[in-house]
Amino acid sequence: MADGGKPDSAFRTISEVADLLGLPQHILRYWETRFPQLKPLQRAGNRRYYRPADVALVQRIHDLLNRDGYTIKGVQKQLTDEARKGPGAPIAPASPLRAIRDTLALALAEDARRSA
């Protein structure tokens, strides 16, 4: 079970997804205009329902924008490249400095694991 007692396979409303990511709902609606891959179901009254794959994609977009420092255009390119390469393909870092940071973070995590 994920948040709120719902199973992971349950559909989520836009407010649930927004709360999960700590984002306002209008950001999710904006992302729908920028990322053609993001297509939640819309029912009567334009109520949006996010499938588990939609939630994963929103989380991926959020991480690329806010954790990895990509721009909207960079995320669009990254998602297009990932779709072309297929699932599980390695993700190129946004810059050489990010690659160094990621390598150091992995080394620190490994060192902490060995020390514990």
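Start by selecting α3 (52-67): Asp54, Val55, Leu57, Val58, Arg60, Ile61, His62, Leu64 and Leu65 are buried there (under 20% relative accessible area, with a 1.4 Å probe and protein chains only). Helices here are DSSP H or I runs of at least four residues and strands are E runs of at least two, numbered from the N terminus. You're looking at a predicted model, where local features need pLDDT of at least 70, side-chain atom pairs count only at pLDDT 80 or more, and totals for chains, interfaces and linings use all residues. Residues are numbered from 1 along each chain as its sequence is written, and side-chain values use heavy atoms, leaving out hydrogens and water.

Now show what covers those buried residues of α3: the cover includes β1, α1, α2, β3 and α4. Just past the helix, click glycine 69, which follows α3 and has a positive phi, near 80°.

Next, colour the largest nonpolar core (buried Ala, Val, Leu, Ile, Met, Phe, Trp, Tyr and Cys joined through side-chain atoms within 4.5 Å). Among its 19 residues, Leu28, Trp31, Tyr50, Val58, Ile61 and Val75 touch the most other members. α3 is the top contributor, giving six residues.

Zoom in on tyrosine 50. Beyond its neighbours within four places in sequence, its contacts (heavy atoms within 4.5 Å) include Phe11, Val17, Leu28, Pro40 and Val58.

Finish on the sheet: three strands, open, antiparallel, ordered β1-β3-β2. Strands count as paired if DSSP finds at least two bridges between them. Two bridges join β1 to β3 (residues 47-50); select threonine 13 and you'll find its bridge partner, tyrosine 49, in β3.

Terms used
Buried means under 20% relative accessible area, exposed over 50%, partly exposed in between (1.4 Å probe, protein chains only).
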